[in-house]
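Please open the model in your viewer and keep the sequence panel beside it. The stops below can be followed in order, each with something to select and something to look for there.

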Amino acid sequence: MIKTDALIIGAGPTGLFTAHQLKLIGLDCEIVDNLDKIGGQCIELYPDKPIYDIPAIPECTGEELTNNLLEQLKPFNIKFHLGERVDELKKDNEKWKVKTSKGTEFETPNVIIAGGVGSFEPRKFSPKECEQFENKTILYSIKDKKIFDGKTVSIFGGGDSALDWALELSKTSKVNLIHRRDEFRAAQATVDKVKELSNAGKINLITNSQLKMVSGNGKLEEIEIENDNKETKKLKTDFALGFFGLIMQLGPIANWGLNLNKKTVEVDTEKFETNQKGIYAVGDICNYPGKLKLILSGFHEGALAARACFKLARPNEKYRFEFTTSSKTIKNRLGVKSD
Amino acid sequence: MAKITYIENNGTSHTVDVAEGLTVMEGAVQNNIPGIDADCGGGMACATCHVYVKDEWFDKINKKSEGEDDMIDQAYEPKKSSRLSCQIQVSPEIDGLEVHLPEKQI
């Protein structure tokens, strides 16, 4: 059981800056994110796209923004729990007990949800029949590539993940690569290599086709694909892998008794607290009259939520507002010299 | 101003007036039309404002944006007629446009 003053859910820009604010005022915090990397939507959706409306930064990409925020957090030792989704949140006396998908447990008076549009999950195949094989012979990510040795693997998708795995697995497995179009969005060098292997008969490349049906007794045995002319074709296969990118789902947040409005959480604008004491929502996931889904709004919301956390984490102390330019205490925390 | 008709997967039809300069996605969100999630808010980063546009309209609306097809690859049940509604600009020329919504967005 990890005890902390505040737990932040979400390692996007808002979560990172909220951590900075908490540390500045002398509270500890830890951050959990379902993705296996830091940066949230900025890294997952638009690492290379320029952003033009971060105050005092005329232009930066999602990746640069994330790196800058991490740089700003450097003086503090923040513990990240990546690749973990917060599944349970329960009140225990005055504290919140939190449990993640990997079984990590926290006890904290403050939980700050900085979850964007929810957690990123892989987009799945549309035929309902796929569910029975999911996580066994129908997969959306690869943990151990050895299970494919000598087997037939049908990979769906046109991006880097799909093509990289097609190249890798073609060394030890029989690979079908199926894509909806005949253009690929993967890196050109990868696409060239796939086409080369396809010409050499080492990858069975099928374009303009999508998965229509799957069948098998206990495990996947056959898939049926359909092309743009509605012609179908059956393929024997041991595994089907889908790489269609990620979608955002609110997930377990919906079960925590919070006031929800579509996919957002209602908060007040003083503490950014939800209807549950000690649970706050900041950034894209929160909602209040006039809410703007801008990164700069998330920074403001996180700063105020952090001050609210102080009251619950240090009930016997009084919070004193200080500037980073003049406060000795803050400079000590930052590890910089005082004048 | 243009009249846009959004037809849900179950056949329910919604016709609304959408101001020029908005996108077909914004027209749906502002009028609370179910079936357009638009998670990323129009950044062409999520494929949850996916619609189908029939042939008679497909060539009349503005062409696909660069990278739009890459996102459509990731949509739920993409077809030849797929578009991301956040990339369809509303103008008087598309008055009467009908878009069909997929069964779901995710």
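## From domains to strands and cores

Begin with chain A of this predicted model, and colour domain 1 and domain 2 separately; the C-alpha centres of these two domains of chain A lie 38 Å apart. To make the selection, take residues 2–121 together with 247–334 for domain 1, and residues 131–244 for domain 2, as the domain assignment of chain A gives them. With the whole chain in view, the C-alpha trace of chain A spans about 70 × 45 × 40 Å along its principal axes, and in cartoon style you should find 7 helices and 24 strands in chain A.

Next, select the strands β1, β9, β8 and β7 of chain A, which form an open sheet in the order β1-β9-β8-β7 with mixed pairing. Which strands stand at the edges? They are β1 (2–3) and β7 (86–92) of chain A, and because each has a single partner strand, one side of each is left without a neighbour in the sheet. Staying at the β7 edge, add β8 of chain A (residues 95–100), which pairs with β7(A) in the antiparallel sense over 6 bridges; if you show side chains here, A:Asp92 stands opposite A:Lys95 in β8(A).

Then move along chain A to another open sheet, this one of 3 strands in the order β21-β22-β24, again with mixed pairing. Its edge strands are β21 (260–261) and β24 (286–287) of chain A, each of which pairs on one side only. Select β21(A) with β22 of chain A (residues 264–266), and you will see two antiparallel strands joined by 2 bridges, with A:Asn261 opposite A:Thr264 in β22(A).

For the interior, select A:Ile112, A:Ile113 and A:Tyr280, which touch the most other members of the largest nonpolar core, a set of 80 residues. Helix α6 of chain A (residues 295–313) gives the most to this core, with 8 residues. Now centre the view on A:Ile112 and, leaving aside its neighbours within four places in sequence, look for its contacts, which include A:Ala6, A:Ile8, A:Ile9, A:Thr18 and A:Val282; A:Tyr280 and A:Ala305 are also in contact with A:Ile112. Apart from this core lies another, of 29 residues, and A:Phe148, A:Leu169, A:Leu211 and A:Phe243 are among them. Taking the chain as a whole, 39% of the 339 residues of chain A count as buried, and among contacts between residues at least 6 apart in sequence, 58% join residues at least 24 apart.

Turn now to chain B, which averages a pLDDT of 93, with 100% of its residues scoring at least 70. Select β1 of chain B (residues 2–7) and β5 of chain B, which pair in the parallel sense over 4 bridges, and look for B:Ile7, whose bridge partner in β5(B) is B:His100. Which residues make up the covered and the uncovered face of β5(B), residues 97–100? B:Leu97 and B:Val99 are on the covered face, whereas B:Glu98 and B:His100 are on the uncovered one. In a regular strand the side chains alternate between the two faces of the sheet.

Finally, show both chains and select the contact between them, which takes 15 residues from chain B and 17 residues from chain A. On the side of chain B that touches chain A, the classes are 6 nonpolar, 3 polar and 6 charged residues. For the complex as a whole, the predictor gives an ipTM of 0.77 and a pTM of 0.79.

Technical notes
Residues numbered from 1 in each chain as written. Chains lettered and ligands numbered in written order. Pairing = 2+ DSSP bridges. Domains from an automatic or database assignment. pLDDT = per-residue confidence, 0-100. Contact = placed C-beta atoms within 7 Å. Nonpolar A, V, L, I, M, F, W, Y, C, P; charged D, E, K, R; others polar. Buried ≥ 20, exposed ≤ 12 C-beta atoms within 10 Å, placed from the backbone. Core = buried A, V, L, I, M, F, W, Y, C linked by C-beta atoms within 7 Å.
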